[in-house]
Amino acid sequence: MSLYDFDKTPDRRGSGSYKWDSTSDGVIPLWVADMDFPTAPAVIDALRRRVEHGVFGYTKVGADYYNACIDWFSSRHGWTFDAGWVVYTSGVVPAVSAIIKAMTVPGDKVILQTPAFNCFYSSIRNNGCELAANMLLRDADGHYSIDFDNLEMLATDPRAKVLVLCNPHNPSGRVWSRDELERVGRICLEHDVFVISDEIHCELTYGDTVYTPYGSLGDEFLRRAAICVSPSKAFNIAGLQIANIVAADSTVRARIDRAINDNEVCDVNPFGVVATIAAYNLGKEWLDALRQYIWNNYRCACQYIETHLPFCRITPLEGTYLLWLDVSACSVPVGDLCSMLEREFKVRLSPGTDYGPGGEGFVRINLACPRARLLEGLSRFADGLKNVLHHSDKNVM
């Protein structure tokens with residue numbers, strides 16, 4: 001029995017929540033990757049003490065911050081890095097954008113495993129670079145894998161300078177194995193492609209799935225890589241704007257630091273520093289309870305979908321709190337489908353087309369909410385899909 005009651009979480013409408021306040025009244029928001037749950041009590045306590053301090057000027061990031069980050073990854077994930085390798089910034093998206101700026105010039109190509117987190121596309125475009133899409137492969141069971149042959153072909157292009165890796169992968173929910181990561185790394189080393197690894201969802205894995213930090217693969221991979229991590233997804237503190245870039249090579253790190261300053265994302269929120277220390281030092285028990293709750297939400301969602309929407313194909317979830325669902329049996333384009341679901345059935349999902357090539361025919365569903373809310377959202381979703389199919393000539397029921 002968990003000490004934490006994730007079921008008793010009120011909605012956040014009217015609180016300034018982007019997820020809730022960007023969604024119309026009466027609509028259940030199962031879209032943006034933002035949890036409904038309050039963060040760990042230890043984090044709240046630490047923030048309360050910081051508020052009572054009463055002075056909120058510029059903050060100096062001290063040794064206690066670096067020690068908390070290093071100890072967490074060393075003890076929990078078997079990866080130890082030096083404090084001097086860390087460049088802090090305001091979030092993983094600004095981090096990825098700054099690293100692309102540091103490691104490319106306009107006109108270069110950036111390889112992306114698609115479908116992929118939507119902000120990656122703007123990070124590539126805003127730096128004047130060109131997308132080189134390596135679409136993931138999907139088998140009959142809905143399991144995703146990397147198209148290594150196409151990846152190698154893309155990497156041979158002399159204009160391909162960077163690969164953006166997402167591990168765990170958003171939106172597919174894959175957690176790449178050590179063998180897969182090493183194979184990606186060797187292709188990139190052979191063709192001098194720099195690896196940016198976004199590992200923001202790394203704490204959210206389930207069952208026997210093991211998250212392997214890209215930085216733990218060894219020195220030969222580390223010297224041509226930058227790893228982006230943050231407690232923001234796992235502890236629901238994205239609004240506190242804190243993330244770390246880990247770059248072992250001093251020349252690479254200097255270029256990234258310059259880009260961070262050029263992009264004016266070199267200062268961090270004092271609350272983010274305090275929250276990170278508390279999360280990593282005192283948040284393990286809460287996080288483990290959260291992971292179990294989300295996993296049970298996933299199992300309930302699967303049971304509901306298999307019972308009520310057997311024509312939808314569930315993607316197996318290894319990491320993140322995002323269910324990637326194949327709704328291609330429905331003839332309506334997913335953008336139109338999601339608009340109709342929000343307007344007429346009062347549930348908001350993310351259309352797969354937001355995530356680029358390979359997202360057609362999919363929706364992404366946020367599982368990080370109280371179970372009753374999730375099941376009500378799925379019920380509305382099912383009613384909407386059945387309504388569409390009822391008016392369709394396509395017989396999939």
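Which side chains meet in a salt bridge at 2.9 Å, N to O? In this predicted model, the pair is D36 and K19. The two partners come from distant parts of the chain, 17 residues apart. D36 sits in the loop between β1 (28-29) and α2 (41-53), whereas K19 belongs to helix α1 (residues 18-21). Neither end of the pair lies open on the surface: D36 is buried, with a relative accessible area of 2%, and K19 is likewise buried, at 1% relative accessibility. As a general point, side chains of opposite charge can pair when their charged atoms come close.

The count for the structure comes to 20 salt bridges, and a few others make a helpful set to look at alongside the first. R48 pairs with D45, their closest N and O atoms being 3.1 Å apart. Here both residues belong to helix α2, and because they are 3 residues apart there, about one helical turn separates them. R48 is partly exposed, with a relative accessible area of 44%, and D45 is also partly exposed, at 36%.

A further salt bridge joins R186 to E220, with 3.2 Å between the closest N and O atoms. This pair again links distant parts of the chain: R186 lies in helix α7 and E220 in helix α8 (residues 219-222), 34 residues apart. R186 counts as partly exposed at 45% relative accessibility, and E220 is partly exposed as well, with a value of 35%. Salt bridges can also join up into a group, and R76, E203, K284, D288 and R291 are linked in such a network.

Attention can now turn to the strands, beginning with β8 (residues 194-198). How many of the residues of β8 are buried? The strand is mostly covered, with 5 of its 5 residues buried. F194, I196 and D198 point one way from the strand, V195 and S197 point the other way, and all of them are buried. Strand β7 (residues 160-166) pairs with β8 in the parallel sense, over 5 bridges. Within this pairing, I196 of β8 is the bridge partner of V164. To get from β7 to β8, the chain passes through helix α7 (residues 178-190), making a right-handed β-α-β crossover. Helix α7 is therefore a familiar element by this point, as R186 of the salt bridge with E220 lies in it.

Strand β8 also pairs with strand β9 (residues 225-229): the two run parallel and are joined by 4 bridges. I196 takes part here too, with A226 as its bridge partner in β9.

Strand β12 (residues 322-326) offers another covered strand, with 5 of its 5 residues buried. L322, W324 and D326 lie on one side of β12 and L323 and L325 on the other, and both faces are covered. In which sense do the neighbours of β12 run, parallel or antiparallel? Strand β11 (residues 313-314) is antiparallel to β12 and joined to it by 2 bridges. Strand β15 (residues 362-366) is antiparallel to β12 as well, with 5 bridges between them. L325 can be followed through both pairings, as it stands opposite I314 of β11 and opposite V363 in β15.

A single polar residue gives a closer view of the interior. N134 is found in strand β4 (residues 130-135), and it counts as buried because its relative accessibility is 0%. The side chain of N134 reaches the backbone oxygen of D147 at 3.4 Å. Leaving aside residues up to four places away in sequence, N134 touches I111, L112, Q113, T114, I146, D147, N150, L151 and L154.

Finally, the cysteines can be considered. The structure holds 0 disulfides. C69 is in none, and the nearest cysteine sulfur, that of C202, is 11 Å away. C69 is buried, with a relative accessible area of 4%. For C119, the closest cysteine sulfur is that of C166, and the distance of 11 Å is too far for a bond. C119 counts as partly exposed, at 24% relative accessibility.

Technical notes: Residues numbered from 1 in each chain as written. Predicted model: local features only at pLDDT ≥ 70, side-chain atom pairs only at ≥ 80, totals over all residues. Heavy atoms only, no water. Buried < 20%, exposed > 50% of the residue type's maximum accessible area, 1.4 Å probe, protein only. Polar contact = N/O pair within 3.5 Å; in protein donor to acceptor, adjacent residues only side chain to side chain. Contact = heavy atoms within 4.5 Å. Pairing = 2+ DSSP bridges. Right-handed = clockwise from strand over helix to strand, strands pointing away. Disulfide = S-S within 2.5 Å. Salt bridge = Lys/Arg side-chain N within 4 Å of Asp/Glu carboxyl O.
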